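This report covers a helix, a helix pair and a pocket.

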Amino acid sequence: VGTLAVAQALAGQCQSLARSSGITHFFILNGHGGNEPAVRLSLELLAAAGSGVLAFAADYWALMFEQLDLAGVPRPARMGHADVIETSILLATHAELVRMDLARADGYRDQLSGAVFSTRGIPERTAGGGVGD
């Protein structure tokens, strides 16, 4: 599913809920980096629709990084699939699902900066789909 389709679906859900329930204020918490462009676009679609819906959105990791920075806690510069952050969250919430005995070092095989985007996805850029170890 493409970015536009996800953005339209998210905006449509907010508009539908507003029409059916009267709820007009929304906070969208994004949990997947690949959805960030769609979430941002959904806010633009909602604003352009003029439907009276007020929505805010954030990525959970951006909020987390902000708090870590304020607390002076060091953090990784980037995050992604199976990195220290995702693994730590799963260890804290569902440790029984984590097989650390199967953990292998992985990461991006290319040296692209975190500020550079590519048509190549994680499967093409990593050995096993993980961004961390």
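## Helix H3

At 1.5 Å a residue, what should the 12 residues of H3 span, and how far apart are its end C-alpha atoms? The expected span is 16 Å and the end C-alpha atoms lie 17 Å apart, which agrees; the expectation is 1.5 Å times one less than the number of residues. Helices are DSSP runs (H or I, at least four residues) numbered from the N terminus. Just after H3, glycine 72 has a positive phi of about 75 degrees.

The model is predicted: local features need pLDDT of at least 70, side-chain atom pairs pLDDT 80 or more, while totals for chains, interfaces and linings use all residues. Residues are numbered from 1 along each chain as its sequence is written, and side-chain values use heavy atoms, without hydrogens and water.

## Helices H1 and H2

The axes of H1 (residues 3-21) and H2 come within 8 Å and cross at roughly 50 degrees. That makes H1 oblique to H2 (neither under 35, over 145, nor 65 to 115 degrees).

## Largest pocket

The largest pocket holds about 940 Å³ of space (a pocket is an open set of points on a 1 Å grid, for a 1.4 Å probe, with protein on both sides within 12 Å along at least five of seven lines; lining residues have an atom within 4 Å of a point). Among its 27 lining residues, Gly33, Gly34, Met79, Tyr108 and Phe117 are the closest to its centre. H3 gives the most to this lining, with four residues.

Key:
Points joined across faces, edges and corners; volume = space filled by probe spheres on them. Helix = DSSP H or I, 4+ residues; strand = E, 2+ residues; numbered from the N terminus. Axes fitted to C-alpha atoms, helices over the stretch in contact; angles between N-to-C directions.
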